[in-house]
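Q: Could you take me on a close tour of one part of this model, the sheet with its packed helices, and then show how the rest is arranged around that part?

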Amino acid sequence: MSTTIGILHTTIRGDEKLIIEAAKKRNIQIKLIDVREEIFNRKTYKCDFDVALERCVSTVKGTHATRFFESIGVAVINNSSVASVCEDKFVTSCFLQKAKVPTPDFAMVFNTEQAVKSIDEMGGFPVVIKPPLGSWGRLLAKINDIDALEAVLEHKEVLGSPQQKSFYIQQFVKKPGRDIRAFVIDGKTICAIYRDSPHWITNTARGGVATNCPVSKEISDISKSASDAVGGGILSMDIFETDDGLQINEINHTTEFKNSEKPTNTSISGAIVDYCVKVAKNL
Ligand SMILES: Nc1ncnc2c1ncn2[C@@H]1O[C@H](COP(=O)(O)OP(=O)(O)O)[C@@H](O)[C@H]1O
Ligand SMILES: [Mg+2]
């Protein structure tokens, strides 16, 4: 019997369109589940697909949908334990460091006094302060000195949501005008891109330009270790090139890839569909 993949989604982006096309080419059935239109009631829900692929733009909705399907015995990719690590940059850093995967120094603090001490421990300014649950390079602050630190933290304290009051601080890493994004499925790096930008924030959502990055042994090794550290699945790694070798900055668990298929000449969407089918077959 052929597999049906349920795609849990909110807005359908170009990425989801590519996944749908790749499934069509492989004669794999897709069931689109707009989670905004669903009633997740365990007593009444009728599930008519074999495996779920979580692709929600909204992390909160995606998490609730994932937890719901797991509670009724449906496998979700990525599973909730992988997602709960990767959605939070601080938790990701803790898992990476625990598994001895090279990653920039970091700390979490809840007030300015501890922030100053933690930056001292890290070797001083500059540092980067990020919302632990952010994406698309939003609300990142590069802090070059104590004046900027005090100003940014006071703004967060006074104006921020409760989430903004957890200060995730990371050592600023000098990069060669680019970083690397590696696409990793089931521990294997299928392709990678460089993201070049004159700005220190290189996200393609912020104007970074994607070109093919050959997958070296160093990239595939660190990506495998990082994938193992957080529990595997369909992931993408943000990687920094430093004088001391590669470092994993963060791990994305519902990665956007539509601008990366052309430069890498790789069907990331196809690999995603193939992995979902493999998981469904092994259930
Ligand atoms: N510690 C850092 N040192 C240097 N550049 C950084 C650092 N942290 C983030 N950046 C830059 O900002 C980008 C976005 O940061 P990231 O942690 O990946 O958050 P997001 O979830 O918004 O993508 C990174 O891809 C990188 O270019
Ligand atoms: Mg990133």
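A: Helix α7 (residues 217-230) lies across β9, β10, β12 (234-242) and β13, running at about 40° to β13. Helices here are DSSP runs of H or I with at least four residues, strands are DSSP runs of E with at least two, and both are numbered from the N terminus. Contact is called when the C-beta atoms of two residues, placed from the backbone, lie within 7 Å. For the angles, axes are lines fitted to C-alpha atoms, for helices over the stretch in contact, and the values run from 0 to 180 degrees between N-to-C directions.

Please keep in mind that this is a predicted model, where local features need pLDDT of at least 70, side-chain atom pairs count only at pLDDT 80 or more, and totals for chains, interfaces and linings use all residues. Residues are numbered from 1 along each chain as its sequence is written, while chains are lettered from A and ligands numbered from 1 in the order in which they are written.

A second helix, α9 (residues 268-281), lies across β9, β10 and β12, and runs at about 30° to β9. The sheet beneath these descriptions is open, with 5 strands in the order β11-β10-β9-β12-β13 and antiparallel pairing. Because β11 (209-212) and β13 (245-252) stand at the edges with a single partner strand each, one side of each is left without a neighbour in the sheet. From one strand to the next, the twist averages 30°. Pairing of two strands requires at least two bridges between them in DSSP.

Let's look at one pair in this sheet. Strand β9 (residues 178-185) and strand β10 (residues 188-196) pair in the antiparallel sense over 8 bridges, and Arg178 has Asp196 of β10 as its bridge partner. The loop between β9 and β10 holds Asp186, a residue other than glycine whose phi is positive, near 55°. Most residues other than glycine have a negative phi, and most peptide bonds are trans.

Now follow α9 to another sheet. This one is open too, with 4 strands in the order β2-β1-β3-β4 and parallel pairing. Its edges are β2 (29-34) and β4 (76-77), each with a single partner strand, so one side of each is left without a neighbour in the sheet. Strand β1 (residues 4-9) pairs with strand β3 (residues 51-54) in the parallel sense over 4 bridges, and Ile7 has Leu53 as its bridge partner in β3. Here α9 packs on the sheet, touching β1, β3 and β4, and its direction makes about 145° with that of β3. Helix α2 (residues 59-71) also lies across β1, β3 and β4, running at about 165° to β3.

Helix α9 has a helix partner as well: the axes of helix α1 (residues 14-25) and α9 come within 8 Å and cross at roughly 65°. The crossing is right-handed, a term for the near helix being turned clockwise from the far one by less than a right angle, with left-handed for anticlockwise. Leu18, Ile19, Glu21, Ala22 and Ala23 of α1 make the contact with Ser269, Gly270, Ile272 and Val273 of α9. By class, this contact has 6 nonpolar, 2 polar and 1 charged residues, where Ala, Val, Leu, Ile, Met, Phe, Trp, Tyr, Cys and Pro count as nonpolar, Asp, Glu, Lys and Arg as charged, and the others, Gly among them, as polar.

For the wider setting, the protein is divided into domain 1 (4-78 + 275-281), domain 2 (105-171) and domain 3 (174-253), with bounds from an automatic or database domain assignment. The C-alpha centres of domain 1 and domain 2 lie 35 Å apart.

Another helix pair is worth a visit: α5 and helix α6 (residues 146-159) pack at an angle of about 145°, with their axes 10 Å apart. Their crossing is right-handed, and Thr112, Ala115 and Val116 in α5 meet Ile146, Leu149, Glu150 and Leu153 in α6. That contact divides into 5 nonpolar, 1 polar and 1 charged residues.

Two cis peptide bonds round off the tour. One joins Ile77 and Asn78, with omega about 0°, and Asn78 sits in the loop between β4 and α3 (80-86). The other runs from Phe125 to Pro126, with omega near -5°, and Pro126 lies in the loop between α5 (112-121) and β6 (127-130).
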